[in-house]
Amino acid sequence: MLNLVLFGPPGAGKGTQADFLIEKFELTHLSTGDLLRSEIAANTPLGLEAKKYMDKGELVPDEVVIGMIGNKLEANKEVKGFIFDGFPRTVAQAEALDNLLNGNGMPVSGMLCLEVEKQELIDRLLTRGKTSGRSDDQDESIIENRIQVYHEKTSPLKDYYLAQDKQYSIDGMGTIEEIAERLSETVNKL
Ligand code: AMP
């Protein structure tokens, strides 16, 4: 089984590259951001609670996202592998993911971190905000907060995966095709 964690700050291109990796390596996509937005669209209690955090660019509580991922893993036992996009975002989430996957004998194969300069992230998110309908992509102060939260709470996970010898930094600047090629080369070695 190939289990990839696609990692990087907001605007790094995780969603775009996930689409490519899913097709090439026949993986099942699990994006906590997409799952949360579906809950919001369906007006569920979970969605309404999560929206309060997402609108501010803050992280949704760990137990909420861990519960969602646990359910999805349980419901997709026969797949070739997963690509985790936007999850884990905290050490507690990474530990929970390890527990869930190791319990089933299918550990994380590698964590691929897309490295992109800050101004490029802001430009990409503001451009996406014009068409995505996502309010958190339209306000520069919320974008700044999401990047700040990434540096404070999420980027320490690089050390978490480095300690397991599973962390790979990928240059996330350039064209979509160039970045996809760099990711492929790394995934082929896993
Ligand atoms: P994304 O689509 O990955 O950019 O996520 C959009 C928003 O959803 C984030 O700013 C968070 O508020 C929330 N979110 C998504 N994934 C997670 C996660 N793993 N942990 C906590 N909050 C999350």
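The exercises below practise reading a predicted model of one protein chain, each with a worked solution.

Residues are numbered from 1 along each chain as its sequence is written, and side-chain values use heavy atoms, with hydrogens and water left out. Since the model is predicted, local features need pLDDT of at least 70 and side-chain atom pairs count only at pLDDT 80 or more, while totals for chains, interfaces and linings use all residues.

**Exercise 1. The fold in outline**

Task: State how many helices and strands the protein chain has, and in what pattern they follow along the sequence.

Solution: Begin with the terms, where helices (H or I, at least four residues) and strands (E, at least two) are DSSP runs, numbered from the N terminus. Counting in this way gives nine helices and five strands for the protein chain. Reading along the sequence then gives the pattern β-α-β-α-α-α-β-α-β-α-α-α-β-α.

**Exercise 2. Overall dimensions**

Task: Compare the radius of gyration of the protein chain with the value for a compact globule of 190 residues.

Solution: The radius of gyration is taken over C-alpha atoms, and the globule rule is 2.2 Å times the number of residues to the power 0.38. For 190 residues this rule gives a value near 16 Å, and the protein chain has 16 Å, which agrees. As a further step, the C-alpha trace spans about 40 × 40 × 30 Å along its principal axes. Contacts can be considered next, a contact meaning heavy atoms within 4.5 Å. Among contacts between residues at least 6 apart in sequence, 73% join residues at least 24 apart.

**Exercise 3. The nonpolar cores**

Task: Find which residues have the most contacts inside the largest nonpolar core, and which elements supply the core.

Solution: Two terms are needed here, the first being buried, which means under 20% relative accessible area, whereas exposed means over 50% and partly exposed lies in between (1.4 Å probe, protein chains only). The second is a nonpolar core, which is a set of buried Ala, Val, Leu, Ile, Met, Phe, Trp, Tyr and Cys residues joined through side-chain atoms within 4.5 Å. In the protein chain, 45% of the 190 residues count as buried. The largest nonpolar core has 26 residues, and those with the most contacts inside it are Val 5, Leu 73, Phe 84, Leu 97 and Tyr 161. The elements that each supply at least two residues of this core include strand S1 (4-7), helix H4 (62-75), strand S3 (82-85), helix H5 (91-103) and helix H8 (157-163). H4 gives the most, with four residues. Leaving out residues up to four places away in sequence, Leu 97 touches Val 5, Ile 69, Leu 73, Phe 84, Phe 87, Pro 88, Val 108 and Tyr 161. Apart from this core lies another, of 21 residues, among them Ala 12, Phe 25, Val 116 and Val 187. In soluble globular proteins, nonpolar side chains tend to be buried together.

**Exercise 4. Unusual backbone geometry**

Task: Describe the peptide bond from Phe 87 to Pro 88, and give the phi values of Glu 26 and Asp 165.

Solution: The bond from Phe 87 to Pro 88 is cis, with omega near 0 degrees, and Pro 88 is placed in the loop between S3 and H5. Glu 26 is not a glycine, yet its phi is positive, near 55 degrees. This residue is in the loop between helix H1 (14-25) and strand S2 (28-31), and Glu 26 is partly exposed because its relative accessible area is 49%. Asp 165, likewise a residue other than glycine, has a positive phi of about 60 degrees. Asp 165 is in the loop between H8 and strand S5 (167-171), and it counts as exposed because its relative accessibility is 67%.

**Exercise 5. Charged residues under cover**

Task: Decide whether Asp 137 is buried or exposed, do the same for Lys 14, and list what each one touches.

Solution: Asp 137 is in the loop between helix H6 (118-132) and H7, and it counts as buried because its relative accessibility is 0%. Leaving aside neighbours within four places in sequence, Asp 137 is in contact with Leu 125, Leu 126, Arg 128, Gly 129, Ser 132, Ile 143 and Arg 146. Lys 14 is in helix H1, and it is buried because its relative accessible area is 9%. Not counting residues up to four places away in sequence, Lys 14 touches Leu 6, Phe 7, Gly 8, Pro 9, Asp 85, Gly 86 and Leu 114.
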